[in-house]
Amino acid sequence: MAGDALWYEAAQVVGITNALNVVADGLGGVMAPVKVTGASPEVAAVFDEIRSFYGGTPDIPGPFALAAHDPAYLADLWAAARHAYDDNCLARRLKAALAFAVSLTTRSAFGTGFHLAEMRRLGVGERGVTEIVGVTQMFSSYTKIADTLQLEPDMGDIAPVDPTPAPGAGAG
Amino acid sequence: MPTVRLRDAEEYPEPARRAFELSKRWFNHEFPVPPAMSRVMAWDPGFGTPHGRAMKRAMGPGEFTRGEKEMVAAAVSGANACSY
């Protein structure tokens with residue numbers, strides 16, 4: 001897992017997963033989502049993309065259905081989410097696992113269920129799910145032990161430094 | 001600053017010092033001193049030994065590679081806002 005591009009992608013997944021979970025868990029029960037039937041053409045087009053991305057599911061994931069009250073916001077939120085979750089340097093399968101682990105860690109009921117279903121849809125078996133649960137559990141323990149004892153980071157130099165410039169640099 | 005005094009490797013019994021050597025292999029890195037977390041977990045073998053075994057089992061290759069799992073671990077640490 002060398003090279004900064006992988007870690008930028010992982011950070012994007014962590015960030016957007018948290019953003020979606022916050023809205024889904026916080027507002028899902030108190031704010032009505034925009035339904036597929038009756039959605040404006042602009043929103044319907046984004047909904048079609050979302051359904052396609054998630055394997056043709058008939059339901060729009062809650063955070064996007066809630067964001068659809070502002071079509072322009074939905075379009076940008078979806079564009080960012082799609083970019084973060086799509087195959088790139090990291091495969092969608094691993095990104096779903098990252099999103100599941102983050103959701104489990106932050107006790108997001110929406111995210112845990114949603115990304116667990118995504119992992120399975122993308123081919124992760126029960127063994128793989130158990131592996132991700134184990135890693136999540138063990139590092140939820142390690143992090144709390146380290147924080148309780150206020151340990152200072154001392155393993156940062158394990159990873160090699162990536163000397164490459166930011167994407168696009170020097171292209172113009 | 002840590003809330004406990006982290007002991008030097010020489011202050012641990014022999015089995016713990018062997019475990020510190022093994023952790024170099026696990027991380028494939030020549031630590032000048034054992035990482036703080038390794039020394040913390042070696043303090044009480046009744047806890048640290050099975051906890052360490054569970055961690056190694058969880059992190060070993062399976063459906064996901066060790067590298068992929070390290071990335072998941074980093075994401076979990078980030079979500080827990082842990083800088084260690």
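The contact between the chains draws 36 residues from chain A and 35 residues from chain B. The model is predicted. On the chain A side, three elements give two or more residues each: helix H1 (4-27), helix H5 (92-105) and helix H7 (126-148). H7(A) contributes the most, with 16 residues. By class, the side of chain A that touches chain B holds 21 nonpolar, 10 polar and 5 charged residues. The predictor assigns the complex an ipTM of 0.91 and a pTM of 0.92.

**Chain B**

Chain B has 84 residues, and 29% of them are buried. Its secondary structure consists of 4 helices and 0 strands. Read along the sequence, the pattern is α-α-α-α. The C-alpha trace of chain B spans about 40 × 25 × 25 Å along its principal axes. Confidence in chain B averages a pLDDT of 93, and 100% of the residues score at least 70.

**Two helices in numbers**

One helix from each chain is set out here.

| Helix | Residues | Number of residues | End-to-end C-alpha distance | Expected span |
|---|---|---|---|---|
| H4(B) | 66-79 | 14 residues | 20 Å | 20 Å |
| H6(A) | 109-121 | 13 residues | 18 Å | 18 Å |

For H4(B), the expected span follows from 1.5 Å a residue, and the distance between the end C-alpha atoms agrees with it. H6(A) is likewise close to the span expected at 1.5 Å a residue.

**H4 of chain B**

Which residues of H4(B) are buried? They are B:Glu68, B:Lys69, B:Met71, B:Val72, B:Ala73, B:Ala75, B:Val76 and B:Ala79. These buried residues pack against partners in both chains: H1, H5 and H7 of chain A, together with helix H3 (45-59) of chain B. An α-helix has 3.6 residues a turn, so residues three or four places apart point the same way. After H4(B) comes B:Ala81, with a positive phi near 55°.

**The nonpolar core**

The largest nonpolar core has 58 residues. Those that touch the most other members are A:Ala97, A:Leu98, A:Phe100, A:Ala101, A:Val135, B:Val72 and B:Ala75. H5(A) supplies the largest share of this core, 9 residues. In soluble globular proteins, nonpolar side chains tend to be buried together.

What does A:Ala101 touch, leaving out residues up to four places away in sequence? In chain A, the list has A:Ile132, A:Val135 and A:Thr136. In chain B, it has B:Val72, B:Ala75 and B:Val76. Those three chain B residues are among the buried residues of H4(B).

**H6 of chain A**

Seen residue by residue, H6(A) has A:Gly111, A:Thr112, A:Phe114, A:His115, A:Leu116, A:Glu118 and A:Met119 buried. Their cover includes H1, H5 and H7 of chain A. Those three helices also give residues to the side of chain A that touches chain B. Just after H6(A), A:Gly123 takes a positive phi of about 105°.

**The segment after H7 of chain A**

A:Ala166 lies in the segment after H7 of chain A. Is A:Ala166 buried or exposed? A:Ala166 counts as exposed, because it has 8 C-beta neighbours inside 10 Å, and the cut-off for exposed is 12 or fewer. The C-alpha atoms of A:Ala166 and A:Ala39 are separated by 39 Å. Along the chain, these two residues are 127 residues apart.

Key
Residues numbered from 1 in each chain as written. Chains lettered and ligands numbered in written order. Predicted model: local features only at pLDDT ≥ 70, side-chain atom pairs only at ≥ 80, totals over all residues. Contact = placed C-beta atoms within 7 Å. Nonpolar A, V, L, I, M, F, W, Y, C, P; charged D, E, K, R; others polar. pLDDT = per-residue confidence, 0-100. Expected span 1.5 Å × (residues − 1). Buried ≥ 20, exposed ≤ 12 C-beta atoms within 10 Å, placed from the backbone. Core = buried A, V, L, I, M, F, W, Y, C linked by C-beta atoms within 7 Å.
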